[in-house]
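Subject: Handover of a structure

Dear colleague,

Please find below the sequence and structure that I am passing on to you. A summary of what was found follows them.

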Amino acid sequence: MESGDILRLIVIVAGVFLLFVTVSSLAKRRMTEPFCLTWGLISLIIILAGILLRPTEWNRYISGTGILLVSMIAFCVIFGAYFLSTRVSELMRKNLELAMQVSLLNQEKEEMKQRLDRLAACMEEKGMTL
């Protein structure tokens, strides 16, 4: 097995792993649907790149250590972007939940104000004061 085939296999496995992690995040509700869709497309592109691209004689231009460094940097960039995506998704979800809670509190406040106004009107009819 040539080094180009090993590189292709690594890229395909990385794409499949990324797709698995993305679907898992969607199932566990860690990431929102738009982010999962984007990461799913990225992982499919990585898988297709591993299948369709044939790196022949790449070891002429970059050494084994160099490709290892490039792979590590690519992994760090992808992991960082994925981590940011999960955090942004969590914040979006929390923001939506807080907005719903504020809306419910505002509605409850309005109901309490209406009750208080009715109670004040009823007390005025009876000649009482608060």
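A pocket, as the word is used here, is an open set of grid points where a 1.4 Å probe fits, with protein on both sides within 12 Å along at least five of seven lines. Please note that the model is a predicted one. In this model, the largest pocket holds about 730 Å³ of space. It is lined by 23 residues, and those closest to its centre are A14, I46, A74, F75 and I78. Three elements each give two or more residues to this lining, namely α1 (3-27), α2 (33-52) and α3 (64-125). The largest share comes from α1, with 9 residues. Sorted by class, the lining of the largest pocket consists of 19 nonpolar, 2 polar and 2 charged residues.

I turn now to the overall architecture. The protein contains 3 helices and 0 strands, and its pattern along the sequence reads α-α-α. How far does the C-alpha trace of the protein span along its principal axes? The spans are about 100 × 20 × 15 Å. The radius of gyration of the protein is 28 Å, whereas a compact globule of 130 residues would have a value near 14 Å. Of the 130 residues, 18% count as buried. Among the contacts in the protein with a separation of 6 or more, 78% are accounted for by residues 24 or more positions apart.

One residue in helix α3 may serve as an example, namely S89. Is S89 buried or exposed? Its relative accessibility is 0%, and S89 therefore counts as buried, since buried means under 20% relative accessible area. Leaving aside residues up to four places away in sequence, S89 touches R30, M31, T32 and F35.

Finally, a word on cysteines. A disulfide is a covalent bond between the sulfur atoms of two cysteines. How many disulfides does a search of the whole structure find? The search finds 0. As to their surroundings, C36 has a relative accessible area of 7% and is therefore buried. C122 has 34% relative accessibility, so C122 counts as partly exposed; that class lies between the limits of 20% and 50%.

I hope that this summary will be of use as you look through the structure.

With kind regards

Conventions:
Residues are numbered from 1 along each chain as its sequence is written. This is a predicted model: local features need pLDDT of at least 70, side-chain atom pairs count only at pLDDT 80 or more; totals for chains, interfaces and linings use all residues. Side-chain values use heavy atoms; hydrogens and water are left out. On a 1 Å grid over the protein atoms alone, a cavity is a set of points where a 1.4 Å probe fits but cannot get out, and a pocket is an open set with protein on both sides within 12 Å along at least five of seven lines; lining residues have an atom within 4 Å of a point. Grid points are joined across faces, edges and corners, and a volume is the space filled by probe spheres set on the points. Helices (H or I, at least four residues) and strands (E, at least two) are DSSP runs, numbered from the N terminus. Ala, Val, Leu, Ile, Met, Phe, Trp, Tyr, Cys and Pro count as nonpolar, Asp, Glu, Lys and Arg as charged, and the others, Gly among them, as polar. A disulfide is a pair of cysteine sulfur atoms within 2.5 Å. Buried means under 20% relative accessible area, exposed over 50%, partly exposed in between (1.4 Å probe, protein chains only). Contact means heavy atoms within 4.5 Å. The radius of gyration is taken over C-alpha atoms; the globule rule is 2.2 Å times the number of residues to the power 0.38.
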